[in-house]
Amino acid sequence: MIKDNYNKKKTVFSCEVFPPKRNDDIYDIFKTLDEIKLLNPDFISVTYGAGGSNSKKTATIAAYIQNICEVDALAHMTAVGLDDNSLTELLEELNRKQVQNVLALRGDKPRTMTDEEFDARYYKHASDLIKVIKDKSDMFIAAACYPESHPESKSKEEDISYLKLKADLGVDSFITQMFFDNDILYRFMDDIRKAGISVPVHAGIMPITKVNQLGTSVSLSGSSVPKKLSNLIAKYAEDPEGMKKAGTEYAIEQVTDLIKHGVDGIHIYSMNKSDVTTEIYKAAF
Ligand code: FAD
């Protein structure tokens, strides 16, 4: 059980994979998981496609993690794309597949959805989903948190008050949005602990191994990029191997410092790459 690890371990180790777009690539992710499993992670999470696209693949990959890799699987799910019936079906499917852990999210507006359709979603927020999952199941429930506040929040205080709501509803752990400056995480931890949130928090670490990663996932997250990292990106703009090495080293430094500071957990956004995840794990843990 994921929950037990927080009492047993100094730092809980987990990582994230995402379902491949092409059906044919499902065996590639299975191979990646076979490699990540060798690190004995405490759990592996699987993302849920925007608006519920690819949701079948999320359940299939989570079942592989749980039953073939024999590692606890955490299946992401989003309020966007779910209603009462489809949520019940999804929980039943995960249960049939022995997956007992979920990451409950609101989700973002998929490109194919209009603003009206997005606003009309059945569950408005992650907290609405969490309430129902609590009522309908005994699942371990994780949720997202944002060391630099969620981009839509009016203030840090407002964002933390909704985080407190998720904690009060019974969330078992939080996983942070990616961040590249550990001091931001330490300040956030002080703020949430002062607000009475005692739930374990996994620090979400995204190794930047490609120059164009900043233009895609990082800009979507709204995470700030320290000068040290943007300098590396400028330096290795024409050197993919150099960028991969420097980006991995940057992540190793981040994780080493976070462990030293006693964070509850490290969650590596693996980008489906077992080699980088393995290198970080071996160097920092
Ligand atoms: P919420 O908790 O609903 O928060 C969204 C905004 O509303 C915030 O500003 C918050 O302060 C405010 N808010 C929260 N609760 C309430 C309330 N009850 N009333 C009013 N306002 C409220 N997206 C995917 O599509 N698939 C994934 O697999 C996925 N995995 C992710 C994993 C992690 C670790 C993280 C950090 C994000 C992930 N996302 C994923 C992206 C996520 O769906 C978006 O960041 C989304 O914009 C917010 O989701 P949330 O669960 O934090 O939303």
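Visitor: Which residues in α7 meet F188, D191 and I192 of α8?
Guide: This is a predicted model, where local features need pLDDT of at least 70, side-chain atom pairs count only at pLDDT 80 or more, and totals for chains, interfaces and linings use all residues. Residues are numbered from 1 along each chain as its sequence is written, and side-chain values use heavy atoms, with hydrogens and water left out. Helices here are DSSP runs of H or I with at least four residues, numbered from the N terminus, and contact means heavy atoms within 4.5 Å. On the α7 side, F188, D191 and I192 of α8 are met by K156, I160 and L163.

Visitor: How many charged residues does the contact of α7 with α8 have?
Guide: Asp, Glu, Lys and Arg count as charged; Ala, Val, Leu, Ile, Met, Phe, Trp, Tyr, Cys and Pro are nonpolar, and the others, Gly among them, are polar. Here, four residues are nonpolar and no polar ones turn up. K156 in α7 and D191 in α8 take part, and the charged count is two.

Visitor: How do α7 and α8 lie to each other, oblique or roughly antiparallel?
Guide: The helices, residues 156–168 and 182–194, pack with their axes 10 Å apart, at an angle of about 60°. Axes are lines fitted to C-alpha atoms over the stretch in contact, with angles from 0 to 180 degrees between N-to-C directions. Under 35 degrees is roughly parallel, over 145 roughly antiparallel, 65 to 115 roughly perpendicular, and the rest oblique. So α7 and α8 are oblique.

Visitor: And which residues of α6 make the contact with α4?
Guide: α4 (residues 84–96) and α6 (residues 126–136) have axes that come within 11 Å and cross at roughly 55°, so this pair is oblique too. From α4 come D84, L87, T88 and L91. Their partners in α6 are L129, V132, I133 and K136.

Visitor: How many polar residues are in the contact of α4 with α6?
Guide: Five residues there are nonpolar and two are charged. D84 and T88 are among those from α4. The polar count is one.

Visitor: How are α10 and α11 set to each other, oblique or roughly antiparallel?
Guide: α10 spans residues 227–235 and α11 residues 240–260, with axes 10 Å apart. Their angle is about 165°. That's why they're roughly antiparallel.

Visitor: How many nonpolar residues are in the contact of α10 with α11?
Guide: K228, L229, L232 and I233 in α10 meet M243, A246, Y250 and E253 in α11. Two of these residues are charged and none is polar. The nonpolar count is six.

Notes: Helices (H or I, at least four residues) and strands (E, at least two) are DSSP runs, numbered from the N terminus.
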